[in-house]
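Let's walk through this structure together, one piece at a time. Keep the sequence and the 3D view open side by side as you read.

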Amino acid sequence: MGIMNKLFGWLKGKKKEANVLCVGLDNSGKTTIINYLKPNDAQQVDIVPTVGFNVEKVTMTNLSFTVFDMSGQGRYRVLWSHYYKETQGVIFVVDSADKLRMAVAKDELDQLLKHQTIMNKRIPILFFANMDVQNSLSAVKCSQLLGLENIKEKPWHICASNAKTGEGLSDGMHWLSDQLQTVK
Amino acid sequence: NNNWLNAYYDPVAGIYTFPSCIALADLNSDGDNKLVIADLGSGLYKMTLKVFQGTSVVQENALLDLPTGIVSVYMDNMEPRTPGIVVASGSCLFVYKNMRPYYKYPLPLLPVNEAEKSLWNAVRNGDVVADALTAALSSLKDEIYASALTSQTLRFLQLESRDEAEAFIESHKNVGLKRETVVTCLATMKKSVAEEDAISCLVAGTEHKEIQIIDSEAFTQLKSYNLPSIPVFINVSGLYDVDFRLFVACRDGKIYALKKDSTEYRVCIELGSQVVGMERIHKHMVVATMDKAVSCYTTKGKKLWSLELPANIVCTGIMDQKAKGFKALMVGLDNNEIRIYKDKNLVDTLTLNDRPQAICYGRYGREDSTLVSVTSSGALNVHILKRTAEYSEQSGNQGQLNPQKTKLNIPKKTQLFVDQTVREREHGTEMFQSFQHDLQLIRLQAAKTYIHGLNSSITPISDDPDIPLKLNATVQGIGPVFQMMVTVENTASSTASDPKLVSDLKMMFKFSDKVYTATPRIFSLPPLVPGIPYRFPIRIECIATDQPAQDTVTAVVFTRSKPKPIVTANISMPVSEGVVVV
Ligand SMILES: Nc1nc2c(ncn2[C@@H]2O[C@H](COP(=O)(O)OP(=O)(O)O)[C@@H](O)[C@H]2O)c(=O)[nH]1
Ligand SMILES: [Mg+2]
């Protein structure tokens, strides 16, 4: 796929591997997004919603994605910090059509940012306001509700996306790969 | 509060409902639970069944009669598993599937009183005229209970003029008499397996002191019980096909237990007050009553503990976190709080902007721990429990207080203090006597004023032991149109067996016709239940044209049987602004 080839091109020269964490509430579209980004031949068609603690790992030439749901109450939370340690970038996916759970997404985001291993790292955070459907919130509204203007010490970017059609994904991934290069 | 996220708040949702009329269910079997609310509208019209998805209403269905309960119930074995919604309204159960009207189940008709039947028959044959019918029916009503008569008779007896009565007879004489009941409460019971999505049957309580168990597949009555009073809350445990137990709280302040293999009831708990909510937590019954108490009983009726709450209890709910095995009682209080009790320990308090009228905890949308509440102003709140929230027995502030160890900071003795002490010691008797003298004078003065007030009934408090009333009023607005909120409260202390209702009262307003008009100027008060303030909005318009207009409005409560007003309140109206001409 076009997007990923470009991204690989940049990272290939560097001979470095990047770990990117893809998180968000369950059903926000993480698996769909990562599947879309996968090279064509590896793309999965059926996506089963991730329930409980279920980690998906997708590894490409020198880029690996770790995907998990930020759901459940407490039980598996301790495991998360393990993944926080080895990440160079975060993709935070919100379901922009789920207005009710925007407060929950914000709460999870705040806790992620407060987490000591993330707090002290200047890693880029990419937000996908996913589910570009009829009455979903705009990217601007999402960033307001999530309080993104308060993120001062990390580079961040938000774009509206539709994981089913791929709209908006390349825009976001370009920003992320630029950031990954400058950070290194 | 840092355990709950405020996910949604709509202060103008305009919902009027009760805890029995709220349900959360996976109506489209897509894991995205919907919120179903039977809205009582104004209490007279615009009653609707509303379905919320996320933050918006996605469907509305008009209801014909006041809803008294809704439940979500699996009625068949079809895949995908889609529950139906059953609404109890009037004498029928209305079933909705995929949010479309699906079936209407009228509860079986009751036998019509023979004397009543023959009276109406006589009317049909032209043997009896309107006046005679009214007389005969009202004496029949006095003889037997009003609830033993048909609604047609009761409506007929309410007609005021003879013309109306004749017209009523003309239009109804060829309609067959039907005696219907009214469903007062509704619950579900799993049929043969306890799975979450297993088929259930319906358990309905009726105004005619009956409990009926109804099959939800075939809509046939499976079993029925008679009780000595009218059921208001039903609690079910067990399976219909295996064994079950029903606990039914009734209007006589008692909780009755019913069993599968007997049609007899057993008095399980006798309460000193009316039930506001009844929940089952593990093996025990937890009952909230109108005397601000929450009490826990075994199913045998033995009281385990009881708590006194700081305010009146308005509604109750259950917080069941199945994943954690945590089950707690939620109570909505008059002071705008929702409190969560694990056993008798207070573990959390959530304060709303208004009095919670109905609360419901469960899965909404994709969030398992959601608390939906509707307040008395009609606002809809959705709170989501934080994923990191932890409730432990110790997190509450109840239980034993630690003994105080801090030393009190006592000031040093000053000369002034010593002088005072000496003076008090020497002249103690005189000081006491002069204080008592003054105190007696004040009391006398107060008593005189009070007596004067009572004698002339100009006080807003009534001394009549049969009609103890309290009246007050507030005026809102800047004029020329004011809204006056009149609050009437029956201050008798009631017991469950003798509710001491005060009825047959009327309220009237007295004022100068040149200055004000009031709508309504005179109206009948509903029967007043002790301890509950009843509020009535009155529209007062200042019609005086010469500025500034200001006068007193007198509110009078009276009853037909007494010549003297029971209570009177003088309300001095604020100065009215002139009409704004745009
Ligand atoms: N309409 C629409 N549906 C989407 C979009 N992204 C994901 N979905 C659907 O949302 C559901 C959940 O997606 P999934 O990737 O499993 O979410 P995850 O739990 O975050 O991994 C699936 O049914 C997807 O097909 C989108 O942008 N638009
Ligand atoms: Mg997934």
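Asp320(B) has a relative accessible area of 27%, so it counts as partly exposed in this predicted model. Its side chain meets that of Lys322(B) in a salt bridge, with 3.9 Å from N to O. Lys322(B) itself is exposed, at 60% relative accessibility. With a cut-off of 4 Å for such a pair, the 3.9 Å between Lys322(B) and Asp320(B) still qualifies.

As a general point, side chains of opposite charge can pair when their charged atoms come close. How many salt bridges does a search of the whole structure find? Over all chains, the search finds 24. Let's look at a few others.

Turn next to Arg81(B), which sits in the loop between strand 6 and strand 7 of chain B. Is Arg81(B) buried or exposed? With a relative accessible area of 13%, Arg81(B) is buried. Its salt-bridge partner is Asp197(B), and the closest N and O atoms of the two are 3.5 Å apart. Asp197(B) belongs to the loop between strand 10 (183–190) and strand 11 (200–206) of chain B, so the pair ties together parts that are 116 residues apart in sequence. Unlike buried Arg81(B), Asp197(B) is partly exposed, at 29% relative accessibility.

The side chain of Arg81(B) also reaches for backbone. It comes to 2.6 Å from the backbone oxygen of Asp197(B), and Arg81(B) likewise reaches the backbone oxygen of Met78(B), at 3.0 Å. Leaving out residues up to four places away in sequence, Arg81(B) touches Ser29(B), Tyr74(B), Asp76(B), Asp197(B) and Ile199(B).

The loop between strand 10 and strand 11 of chain B takes part in another pairing, through Lys191(B). Lys191(B) forms a salt bridge with Asp215(B), the closest N and O atoms being 3.4 Å apart. Asp215(B) lies in the loop between strand 12 (210–214) and strand 13 (221–226) of chain B, and this pair links distant parts of the chain, 24 residues apart. Both Asp215(B) and Lys191(B) are buried.

There is a record to place beside this part of chain B. In an unreviewed entry, UniProt gives residues 4–259 of chain B the feature "domain: Bardet-Biedl syndrome 1 N-terminal". In the model, residues 4–259 of chain B are 17% helix and 41% strand, and the C-alpha atoms at the two ends lie 40 Å apart.

Salt bridges also bring the two chains into one picture. Asp26(A), Asp98(A), Arg101(A) and Glu108(A) are linked with Glu367(B) and Arg387(B) in a network of salt bridges.

Now for the nonpolar interior. In soluble globular proteins, nonpolar side chains tend to be buried together. Here the largest nonpolar core has 48 residues, and the ones with the most contacts inside it are Phe92(A), Phe127(A), Leu35(B) and Leu380(B). Helix 4 (residues 102–114) of chain A supplies the largest share of this core, seven residues. Beyond its sequence neighbours up to four places away, Leu380(B) touches residues including Tyr8(B), Ile15(B), Leu35(B), Ile37(B), Phe52(B) and Val372(B). A second, separate core has 33 residues, among them Phe523(B), Ile538(B), Ile540(B) and Ala549(B).

Let's move to chain A. Its secondary structure comes to seven helices and six strands, in the order α-β-α-β-β-α-β-α-α-β-α-β-α along the sequence. Chain A has 184 residues, of which 53% count as buried. Among contacts in chain A with a separation of 6 or more, 75% come from residues 24 or more positions apart.

Which residues come nearest to ligand 1? Of the 18 residues around ligand 1, they are Asn27(A), Lys30(A), Thr31(A), Thr32(A) and Ala163(A). A backbone N or O atom of Asn27(A) lies 2.7 Å from an oxygen atom of ligand 1, and a backbone N or O atom of Gly29(A) lies 3.0 Å from an oxygen atom of the ligand. Asn130(A) contributes a polar side-chain atom, 3.0 Å from a nitrogen atom of ligand 1.

Finally, pause at Thr31(A). UniProt lists Thr31(A) and Thr50(A) under "binding site", in an unreviewed entry. In the model, Thr31(A) is found in helix 2 (residues 30–37) of chain A, and at 8% relative accessibility Thr31(A) counts as buried.

Terms used
Residues numbered from 1 in each chain as written. Chains lettered and ligands numbered in written order. Predicted model: local features only at pLDDT ≥ 70, side-chain atom pairs only at ≥ 80, totals over all residues. Heavy atoms only, no water. Helix = DSSP H or I, 4+ residues; strand = E, 2+ residues; numbered from the N terminus. Buried < 20%, exposed > 50% of the residue type's maximum accessible area, 1.4 Å probe, protein only. UniProt positions renumbered as here; feature names shortened; annotations may be inferred. Core = buried A, V, L, I, M, F, W, Y, C linked by side-chain atoms within 4.5 Å. Contact = heavy atoms within 4.5 Å. Near = heavy atom within 4 Å. Polar contact = N/O pair within 3.5 Å; in protein donor to acceptor, adjacent residues only side chain to side chain.
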